[in-house]
Amino acid sequence: MQNKGLITVFAILFGLVSLYQLSFTFISNKVEDNAKAFATGKFDATQPAERAAAEAQYLDSVATQTQFLGIDYKTAKEKELNKGLDLKGGINVILQVSVKDILKGLANNTKHPGFNQALADATELQKNSQNTYLESFFEAFEALPGENRLASADIFFNKGLEGQIESDMTNDQVKPIISRKIDESIASAFEVLRKRIDKFGVTQPNLQRLGNSGRILVELPGAKDVERVKKLLQSTAQLEFWEVVKEEEISSFILSADTKLKDLLVSKKDTTSIVTDSTQTTEGSEIEDLLGGEKVDETVTPEDANPILSKVVPARASNPGLASFSVKDTAVINSYLRMPEIRSMLPVELRNTKFLWSIPEFNNDLGEEITSLYAIKGNKDNVPQLSGGVIVDAQQSYTQVGRVSVTMQMNGTGAKIWEDMTEYAYQNGTQIAVVLDNIVYSAPGVSNGKISGGRSEITGDYTITEAQDLANVLRAGKLPASADIIQAEVVGPTLGHEAISSGILSFVIALVIVLLWMIFYYGKAGAFADVALAVNILFIFGILAGLGAVLTLPGIAGIVLTIGMSVDANVLIFERIREELDKGKSQRDAINDGFSNALSSILDANITTGLTGLILLVFGTGPIQGFATTLLIGICTSLFTAIFVTRLFIDSYTKNGKSLTCSTAITKNLFKNVNIKFLQKRKVAYIISGILLTISLGSLFTNGLNQGIDFVGGRTYTVRFDKDVNALDIQNDLIAAYGSAEAKTYGGNNQLKISTKYKIDETGSEVDREVEEKLYEALKPNLPSGMSFEQFVGDDDAKIAGRMEYYKVSPTIADDIKKSSFWAVLGSLVVVFLYILLRFRRWQFSLGAVVAVFHDVLIVLGIFSLTYKFMPFNMEIDQSFIAAILTVIGYSLNDTVVVFDRIREYFNEHGTWKMPKIINGALNSTLSRTLNTSFTTLIVLLCMFLLGAESIRGLLFAIIVGIIVGTYSSLFIATPIFYDTVKKKGIDLSDKKEESEVE
């Protein structure tokens with residue numbers, strides 16, 4: 001081997017760099033273990049909040065203290081190996097920035113009927129389209145009857161787009177401008193979210209824009225307060241300052257509205273009392289329509305004379321407003337005040353008045369949340385005198401009486417407007433409402449004259465953390481449009497710790513078995529391969545740490561699979577060395593030729609697997625990208641360590657003439673004289689495969705597949721109990737609560753995976769909370785006695801029962817995931833077909849490989865279809881399953897390509913042999929490698945499957961089945977198919993260059 005010294009230096013330096021990169025992880029883990037021990041010593045398990053605070057305090061105190069080689073904890077934490085949500089716990093969401101809202105804003109919230117119809121049509125088109133919302137809007141707008149122009153003065157030819165859009169522009173000229181403005185708004189939303197997250201206090205957050213769809217991925221490993229994160233991400237931070245209508249100016253309207261409502265409701269009641277039961281139902285629904293869709297108690301009697309005033313509660317909120325009401329009554333009060341008959345009673349000067357509510361607060365006397373009603377002096381355009389765009393700074397502070405508040409500083413323009421507003425309020429005795437996202441946070445009066453300098457304050461019933469988050473949101477600025485969570489995953493820290501423990505255990509056991517097997521089968525050469533394998537693993541983790549990549553549970557599975565592939569490369573080399581020795585070559589020549597002859601097969605096998613890994617990286621998200629990342633890194637490091645590091649050890653050992661047989665006394669003659677007539681058995685194999693495929697297809701058409709929420713949308717919860725539970729009984733309780741739900745045992749009998757599609761089409765934190773409250777109430781009889789809702793959904797390291805994990809996918813993104821998965825599988829088949837065609841220059845090889853892959857994939861799908869109803873682990877078809885299918889494709893091709901490579905070699909070596917003898921010989925000569933590689937890979941996968949985390953058992957099961965079927969198909973399907981396509985006309989596989997036909 002040439003350049004031996006250079007390779008040695010490179011390997012040593014690479015190893016040292018990898019150790020240095022991993023040292024940050026060791027240091028941060030050691031300090032965090034000390035912090036945990038410190039907190040545990042001060043507080044017991046019943047004080048999780050105090051423990052967390054003590055742990056954080058300890059880490060803050062030692063953040064800049066040197067720990068090792070001049071490295072402090074803060075530096076180590078920033079550079080440690082990133083762990084994904086499934087290993088660390090945390091929150092992962094995909095936000096959909098509303099392009100519809102941005103378009104409305106660009107058009108100044110126009111009332112143009114064609115524009116608004118196009119928005120509605122675009123929303124419908126999105127349900128069955130892969131286009132972006134903007135593309136669907138343009139399509140819908142062009143489809144409107146008549147001549148409709150985007151550059152109309154009622155749409156985009158307005159002051160806001162002055163100088164960019166002219167009145168004489170065509171629609172095709174306007175479209176790129178609008179597209180650019182949309183992109184700028186989404187980029188602005190991304191920056192706003194990044195600024196908010198940067199101040200949240202989570203280490204190693206990850207934000208990514210996902211294409212041009214308006215979607216933003218946010219990953220917060222280690223985050224525990226789910227509700228706080230949701231508020232931080234979804235709050236539009238629409239800060240506005242409005243004049244409040246004086247109580248004496250609006251009170252007469254409230255009294256008159258109350259009287260008018262009594263007449264309206266009593267009139268309807270009288271009408272419905274004289275008709276039949278069926279008509280009563282219809283009339284009752286008319287009352288509901290009158291109230292904007294709110295449910296109405298039809299037992300209301302004429303004596304209930306005050307529909308509004310009767311709902312006023314005796315207690316007063318801290319922000320008094322006009323009156324206080326129970327939060328549960330706000331919807332019906334809103335519906336009353338929106339009724340045309342009621343709004344028409346407003347005085348002319350108050351016709352644009354809008355009614356808003358203050359922040360809800362819990363009242364101990366009433367035992368419920370109450371809120372106050374405010375009348376805000378609006379205007380025709382619904383534009384406030386002053387908005388949050390003028391805020392240049394915001395800080396958490398305290399009022400003079402010690403209440404938590406948020407102080408704000410405005411820019412020069414805002415300060416002047418604020419001065420004018422406060423002067424007017426002082427002179428007229430009015431209040432100024434501070435409104436954030438349509439909620440009145442405070443409405444102070446001005447008692448000491450106008451306020452100069454542009455300082456203002458928001459007060460409310462905040463905790464310090466809430467005030468800090470609000471200040472953070474105001475500093476970062478408002479989102480240009482609403483952002484809905486269309487996919488969310490929450491993993492509790494308990495599951496993360498368990499995943500790490502089980503992952504490490506299974507990984508170590510699998511590694512030990514493989515190391516021992518290599519020594520057992522190949523002797524000293526196997527020991528050299530073991531050292532190279534250890535170096536390979538060091539390189540993988542070092543690269544992951546250095547690149548800042550995220551290690552996930554599927555990522556660990558990818559590393560385990562890499563172990564199998566690394567072994568495969570060494571097995572190919574050792575088998576070729578044994579063959580060369582059997583031919584009577586000297587040891588030096590056998591080693592040189594063994595490495596040289598194995599190189600082609602090693603490269604082909606790894607490139608085909610690498611191509612499927614690249615497709616996974618492009619089409620996958622989150623943990624699946626983690627799987628693809630480790631797989632691709634592992635392929636590169638495996639090639640280096642198998643080809644160069646193993647060679648260094650072998651050359652060093654044999655340079656003084658020491659014998660290296662690449663076998664032991666037990667394995668020396670294994671598979672040496674095997675002569676199986678594979679081609680003669682192909683018809684039997686065709687029959688067996690035909691039966692398996694028929695059963696698989698029959699099951700797929702009858703049973704179908706258990707599609708996970710990745711593909712159909714829905715919510716999934718992993719819930720743990722403090723005792724064993726009956727899944728069927730709990731499923732019945734959940735169906736009573738949701739209408740439809742599914743509960744399956746997940747791991748032990750004290751843990752369930754619960755899925756439901758209840759209100760999955762609706763977005764917002766209120767809906768998420770409602771679904772979780774229903775879950776809590778349905779499960780409450782089986783939960784530990786006294787467990788509150790907050791404890792059920794909360795996350796702490798000592799949690800032993802409650803909601804451990806949460807996953808949500810909206811139908812919109814589920815459809816996208818399904819289509820992306822389809823294209824990923826199809827794309828991988830096309831890419832592999834083309835690679836084999838390019839590599840072997842014969843379409844017959846490509847056909848055999850692709851038929852074998854289709855065969856393997858269909859049988860894996862069939863087994864999942866046949867067994868998902870009774871298997872004791874999750875067998876849903878989701879993104880992880882697609883990752884497994886692509887891995888099966890890569891692995892099946894790995895085996896097939898090695899065989900094809902040997903067929904081509906035998907064709908050139910044994911020119912007088914007939915094709916059946918060449919193919920049988922090639923298959924027999926690679927049999928030892930095929931079985932050895934499959935065995936070692938299956939061993940490591942079985943260890944992960946039996947001892948690893950529950951969440952990846954479905955993925956591992958699919959890969960295990962795929963490897964077994966792929967090994968069979970490489971011997972009995974791919975090669976026989978190739979033979980049947982060439983047996984009549986023959987084929988030339990010689991390495992001689994074809995002479996050019998063009999002179």
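**Figure 1. The whole protein, with 54% of its 999 residues counted as buried.** Buried means under 20% relative accessible area, exposed means over 50%, and partly exposed lies in between (1.4 Å probe, protein chains only). This is a predicted model: local features need pLDDT of at least 70, side-chain atom pairs count only at pLDDT 80 or more, and totals for chains, interfaces and linings use all residues. Residues are numbered from 1 along each chain as its sequence is written, and side-chain values use heavy atoms, with hydrogens and water left out. The protein has 31 helices and 23 strands. Helices (H or I, at least four residues) and strands (E, at least two) are DSSP runs, numbered from the N terminus. Along the principal axes, the C-alpha atoms fill a box of roughly 110 × 70 × 65 Å.

**Figure 2. Strand 20 and its two partners, strand 23 and strand 22.** Strand 20 covers residues 714–720. Here 7 of the 7 residues are buried, so the strand is largely enclosed by the rest of the structure. Which residues sit on each face of strand 20? Gly-714, Thr-716, Thr-718 and Arg-720 are on one side, and Arg-715, Tyr-717 and Val-719 are on the other. Two strands pair if DSSP finds at least two bridges between them. Strand 20 runs antiparallel to strand 23 (residues 802–809), joined by 7 bridges. In that pairing, Thr-718 stands opposite Glu-805. Strand 20 also runs antiparallel to strand 22, with 6 bridges. There, Tyr-717 faces Ile-754.

**Figure 3. Strand 9, paired with strand 11 and strand 16.** Strand 9 spans residues 354–358. Is this strand largely enclosed or open, and why? 5 of the 5 residues are buried, so strand 9 is largely enclosed by the rest of the structure. Strand 11 (residues 368–376) runs antiparallel to strand 9, and 4 bridges join them. Strand 16 (residues 439–442) pairs with strand 9 in the parallel sense, over 2 bridges. Follow Trp-357 through both pairings. Its bridge partner in strand 11 is Leu-373. In strand 16, Trp-357 stands opposite Ile-439.

**Figure 4. A negative surface patch that includes Glu-349.** Its members are Glu-247, Glu-248, Glu-249 and Glu-349. Patch residues have over 30% relative accessible area and no salt bridge; like charges are joined within 9 Å, and nonpolar side chains (Val, Leu, Ile, Met, Phe, Trp, Tyr) within 5 Å. A salt bridge is a side-chain nitrogen of Lys or Arg within 4 Å of a carboxyl oxygen of Asp or Glu. Glu-349 lies in the loop between helix 13 (340–343) and strand 9. Glu-349 counts as exposed, at 63% relative accessibility.

**Figure 5. Two loop residues with positive phi, Asn-109 and Lys-759.** Most residues other than glycine have a negative phi. For Asn-109, phi is near 50°. Asn-109 lies in the loop between helix 5 (99–106) and helix 6 (113–125). Its relative accessible area is 52%, so Asn-109 is exposed. For Lys-759, phi is about 55°. Lys-759 lies in the loop between strand 22 (748–756) and helix 24 (765–779). At 28% relative accessibility, Lys-759 is partly exposed.

**Figure 6. Ile-464 in helix 15.** Helix 15 covers residues 464–476. With a relative accessible area of 38%, Ile-464 is partly exposed. How many Å separate the C-alpha atoms of Ile-464 and Asp-796? The separation is 20 Å, and the two residues are 332 residues apart along the chain.

How values were computed:
Areas by Shrake-Rupley, 256 points an atom, 1.4 Å probe, with all protein chains shown as cover. Lys, Arg positive; Asp, Glu negative; His and termini not counted. Charge placed at Lys NZ, Arg CZ, Asp CG, Glu CD.
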